[in-house]
Amino acid sequence: MINRISKRLLHHSIPLGSDFSHIVIGGGIVGIATAAELQKVKGNNVLLVEKNDSLGQETTSRNSEVIHAGIYYPSSSLKAQLCIAGKNKIYDAWSKGNFQVNLQKCGKWVVAQDEVEEEYLHKLKQNSDELGVPTELISTKKAKDLHPLIGANKAILESPTTGIISAHDYVLFHEGRFENNGGTIGLNSKVKDITYNEGNRNYSVLIESDGEQMEMTSDNIVNSAGLYAAEIANLVLPQESRYDYYFAKGNYFSYTPETPIGKVTTKLIYPCPNPNASSLGTHLTFDLGGQLKFGPDLEWLNTTNPNNIDYTPNPKNLKAAYEAVKTYFPAITENSLHPSYSGVRPKLLSAEENKKQFADFIIKEETNLPGFINLLGIESPGLTASWAIAEYIKNIYHK
Ligand SMILES: Cc1cc2nc3c(=O)[nH]c(=O)nc-3n(C[C@H](O)[C@H](O)[C@H](O)COP(=O)(O)OP(=O)(O)OC[C@H]3O[C@@H](n4cnc5c(N)ncnc54)[C@H](O)[C@@H]3O)c2cc1C
């Protein structure tokens, strides 16, 4: 791993005269997967720039670590297509046995408590059928026999391809692919400014690394800066094309097991999402060590400055989380829940707009900025989709 980008690296120059063929901004799971995919292409010479001292420290390590099946989104959306493709890539690599990433294909239940939710589950089943993702409606009796502590009054939809994965291992997996193919990583390196050089058809990127500023040039830029991506995009976009953006925090609550975990469930448990919310609802997941947790909830933040985000989980939300969890885990007690951690979703639509329309991932090469690809609104299922997002970007460059 290279901690500091130095002028030494400039000998990698490619024919056009730029220092790199691609600079990928942001070393979360999406950035490192993309860098690894691009570096595989003969002739490419990719630099990944990350402002923190290691990869994957931001949203990539603040999520549920669920491999989503991809059943919730409209079939034409990037979220559906890239989630399913990303999931398949993970399980394919896993089944071949050469994938050093800890995961468990545990499956999940989406549970309905009344007629309205039951109808929603039937629609969800129909959507998964259309997408070709296996799901099965199971009887409340069968569910009760299997997991008597889980409350599902009306119906249960089982998704057998849902799983859990170590996000940390997954980052290391792509980091290994990238470095083995000769890619360059600059840690502690923050992108401060970007300029498009129309004459050379390349970009100058101002990077601050260990207190020093340096300029690197690249033929192409991938902006995969997560919560900072809109801010980075707006550095180069003309006023009229700039992005508005918002943040929505998700708080998690840990569980002091009054009931041994193994007795509660072997499946992840999701309620039916509230149709007016832009999240899947406070659900029950467990990590690879078997620790149960509940969340994330949805709390819109007042700030649009990612540096001002307070990740302390909000204890005021505990009561609402308890009420939500009680619907499908009636034996839970309020004092067995404890604020644990939080993650923040990058949003391009406001809370109000989110109620009215579906928000897809935005992955696009900007008009009049050749080779500049922005990735915006990469919220869930971005971890699952990351490898497929990487391939999608490679295909934009190498049609
Ligand atoms: C609460 C929550 C739960 C979720 N649960 C799931 C789930 O269970 N399953 C799933 O598939 N997805 C889930 N997601 C989504 C998933 O976590 C994200 O889509 C994914 O981690 C996004 O990765 P990223 O690389 O785009 O962003 P990040 O991980 O945020 O990485 C962006 C990187 O860019 C760097 N950066 C920013 N600005 C600069 C700069 N100027 N210079 C250099 N570097 C910079 C940052 O330091 C950061 O490391 C969840 C998200 C949230 C918020």
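**Exercise 1. Work out whether Leu78 is buried, partly exposed or exposed, and find what it touches.**

Start with the neighbour count in this predicted model. Leu78 has 18 C-beta neighbours inside 10 Å. A residue needs 20 or more to be buried and 12 or fewer to be exposed, so Leu78 counts as partly exposed.

Next, place Leu78 in the fold: it sits in helix α2 (residues 78-95).

Then look for partners, skipping residues up to four places away in sequence. Leu78 touches Asp360, Phe361 and Ile363. Take Phe361 as a check: Leu78 and Phe361 are 283 residues apart along the chain, yet their C-alpha atoms are separated by 6.2 Å.

**Exercise 2. Do the same for Asn251: which strand holds it, and is it buried or exposed?**

Go to strand β13 (residues 246-255), where you'll find Asn251. Count around it and you get 26 other C-beta atoms within 10 Å, so Asn251 is buried.

Now list the contacts, again leaving out residues up to four places away in sequence. Asn251 touches Gly295, Pro296, Asp297, Glu299, Pro313, Asn314, Asn317, Pro339 and Ser342.

For a pair with a wider gap in space, try Asn88. Asn251 and Asn88 are 163 residues apart in sequence and 29 Å apart, C-alpha to C-alpha.

One of those contacts brings up a backbone detail. The peptide bond from Gly295 to Pro296 is cis, with omega near -10°, and Pro296 is in the loop between β16 (292-295) and β17 (299-300).

**Exercise 3. Pick out further unusual backbone spots and say where they lie.**

Begin with the rule of thumb: most residues other than glycine have a negative phi, and most peptide bonds are trans.

Against that, the bond from Ser380 to Pro381 is cis, with omega near 10°. Pro381 lies in the loop between β20 and α10.

Move on to phi. Asp210 isn't a glycine, but its phi is positive, about 50°. Asp210 is in the loop between β11 (202-209) and β12, and with 10 other C-beta atoms within 10 Å it is exposed.

Asn368 is another non-glycine with a positive phi, near 65°. Asn368 lies in the loop between β19 (362-365) and β20, and its 11 C-beta neighbours inside 10 Å make it count as exposed.

**Exercise 4. Describe how α1 is packed: how many of its residues are buried, and against what?**

Count first: 11 of the 11 residues of α1 are buried. Among them are Ile29, Ile32, Glu37 and Gln39.

Find the packing partners next. The buried residues of α1 pack against β1 (20-25), β2 (46-49), α5 (167-180), β12 (212-223), β20 (372-376) and α10.

Zoom in on Ile32. Beyond its neighbours within four places in sequence, Ile32 is in contact with Gly27, Leu48, Leu55, Val171, His174, Glu175 and Phe178.

Finally, connect this to the core. The largest nonpolar core has 104 residues, and Ile32 is one of those that touch the most other members, together with Ile23, Ile25, Leu48, Val111 and Ile389. The element giving the most to this core is α10, with eight residues. At least three residues come from each of domain 1 and domain 2.

**Exercise 5. Locate the ligand relative to the domains.**

Set out the two domains: domain 1 is 7-60 + 168-240 + 358-397, and domain 2 is 108-160 + 246-347. Their C-alpha centres lie 33 Å apart. The contact takes nine residues from domain 1 and eight residues from domain 2. On the domain 1 side, that's five nonpolar, three polar and one charged.

Now turn to the ligand. It has 40 residues around it, and Gly26, Gly28, Asn63, Gly226 and Gly382 come nearest. Elements giving two or more residues to this shell are α1 (29-39), β10 (189-197), β18 (337-347) and α10 (382-397). By class, the shell holds 15 nonpolar, 18 polar and seven charged residues.

Last step: both domains give residues to the shell, so the ligand lies between them.

**Exercise 6. Sum up the whole chain: how many helices and strands are there, and how compact is the chain?**

There are 10 helices and 20 strands. The radius of gyration is 22 Å, close to the 21 Å from the globule rule for 399 residues, so the chain is as compact as a globular protein of that length. Along its principal axes, the C-alpha trace spans about 70 × 45 × 35 Å. For burial, 46% of the 399 residues count as buried.

How values were computed: Residues are numbered from 1 along each chain as its sequence is written. This is a predicted model: local features need pLDDT of at least 70, side-chain atom pairs count only at pLDDT 80 or more; totals for chains, interfaces and linings use all residues. A residue is near a molecule or strand if its C-beta atom, placed from the backbone, lies within 6 Å of it. Helices (H or I, at least four residues) and strands (E, at least two) are DSSP runs, numbered from the N terminus. Ala, Val, Leu, Ile, Met, Phe, Trp, Tyr, Cys and Pro count as nonpolar, Asp, Glu, Lys and Arg as charged, and the others, Gly among them, as polar. Domain bounds come from an automatic or database domain assignment. Two residues are in contact if their C-beta atoms, placed from the backbone, lie within 7 Å. A nonpolar core is a set of buried Ala, Val, Leu, Ile, Met, Phe, Trp, Tyr and Cys residues joined through C-beta atoms within 7 Å. The radius of gyration is taken over C-alpha atoms; the globule rule is 2.2 Å times the number of residues to the power 0.38.
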